[in-house]
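Hi there,

Here is the structure I promised to pass on. Have a look at it first, and then read on for what turned up.

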Amino acid sequence: MKNLITLIAVALFASSTTLLNAQETIIPLKDGDLSNIPLTGDIYHKDTTNIFDKFMETWVFNDGTNYFKVTFSKKERVRFSNTRAYADELVCEYLFKVNGTTIYDTYGVNSNINSIGDNHISGSSIINENKVELSYSEPPVNSCHKYASGELTLNYISGATPTLQWTRVNNELYGDNSTCPDGSSMDLTDFVIPANMILVKQ
């Protein structure tokens, strides 16, 4: 009798899982239009062809003054605000130093990779097999968010030692410069990580 109950429970769980999966539409991320997310229906923009995988390494830039190390990873099925649409995202942790002085370190205990901001650099836009585009910002100097924003293009260049072309374009400054809810002023400082770099795979 106990075995029969167990079999019934397993069968019901399998049926409910199949039903839930059947109700979700999976769209390859490289084919999806992320600019017009529907408010109804369960849609998952999935990296089905694993384009993000080639970026998921540790990369370093060092020109003698600026030292930048970044490690990319993939977060799966990230929800778009209040919609029922989801997408895989490329996110990262990084270390930036100028003349040996640490400016940003989002690794380890400083990591925000599982929060909404994803350490301020993340995205789901695939341009082609070797190029992706991410939303860009940097950690604020205070408890308020940064006023500036940008778009970051990563271009994967294969070779004996693969490299990553990092190109940032600053957006027009957005929002306003009013105080944040905690009373602190918005961070109006400029970005400090170089806008153009060639990073080497480690």
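Let me start with a charged pair: Lys74 forms a salt bridge with Asp47, and their closest N and O atoms are 3.2 Å apart. Please keep in mind throughout that this is a predicted model. The two partners come from distant parts of the chain, 27 residues apart, with Lys74 in strand S4 and Asp47 in the loop between S2 and S3. Both ends are tucked away from solvent by the numbers, as Lys74 is buried and Asp47 is buried too. The pair does not stand alone, since a network of salt bridges links Asp47, Asp53 and Lys74.

How many salt bridges does the structure hold? There are 6. As general background, side chains of opposite charge can pair when their charged atoms come close.

Another of these involves strand S4 again: the side chains of Glu24 and Arg77 meet in a salt bridge, at 2.3 Å from N to O. Here, too, distant parts of the chain are linked, with Glu24 in strand S1 (residues 24-28) and Arg77 in strand S4, 53 residues apart. Is each partner buried or exposed? Glu24 has a relative accessible area of 16%, under the 20% cut-off, so Glu24 counts as buried. Arg77, at 39% relative accessibility, falls between the 20% and 50% limits and therefore counts as partly exposed.

Arg77 deserves a second look for its backbone. Its phi is positive, about 55 degrees, although Arg77 is not a glycine, and Arg77 is found within strand S4 (residues 66-79). Asn50 is a further non-glycine residue with a positive phi, near 55 degrees. Asn50 sits in the loop between strand S2 (42-46) and strand S3 (58-62), and is partly exposed, with a relative accessible area of 40%.

Now for the cysteines. A search of the whole structure finds 1 disulfide, formed by Cys144 and Cys180, with their sulfur atoms 1.5 Å apart. The link is right-handed, with 55 degrees about the S-S bond. Cys144 lies in the loop between S8 and S9 and Cys180 in the loop between S10 and strand S11 (196-201), so distant parts of the chain, 36 residues apart, are linked. Cys144 is buried at 1% relative accessible area, and Cys180 is buried at 11%. Cys92 is buried as well, with a relative accessible area of 0%.

Those two loops are also connected by charge. The side chains of Asp187 and Lys146 meet in a salt bridge, 3.0 Å from N to O. Asp187 is in the loop between S10 and S11 and Lys146 is in the loop between S8 and S9, so this pair ties together parts that are 41 residues apart in sequence. Asp187 is buried, with a relative accessible area of 1%, and Lys146 is buried at 3%.

Finally, the strands around these loops. Strand S8 (residues 131-136) and strand S9 (residues 150-157) run antiparallel and are joined by 6 bridges; within that pairing, Glu133 stands opposite Thr153 in S9. S9 also pairs with strand S10 (residues 163-170), again antiparallel, through 8 bridges. Which residue in S10 is the bridge partner of Tyr156? That partner is Leu164. A hairpin of 5 residues joins S9 to S10.

Happy browsing, and all the best!

Note on methods:
Residues are numbered from 1 along each chain as its sequence is written. This is a predicted model: local features need pLDDT of at least 70, side-chain atom pairs count only at pLDDT 80 or more; totals for chains, interfaces and linings use all residues. Side-chain values use heavy atoms; hydrogens and water are left out. Helices (H or I, at least four residues) and strands (E, at least two) are DSSP runs, numbered from the N terminus. Buried means under 20% relative accessible area, exposed over 50%, partly exposed in between (1.4 Å probe, protein chains only). Two strands pair if DSSP finds at least two bridges between them. A disulfide is a pair of cysteine sulfur atoms within 2.5 Å. A salt bridge is a side-chain nitrogen of Lys or Arg within 4 Å of a carboxyl oxygen of Asp or Glu.
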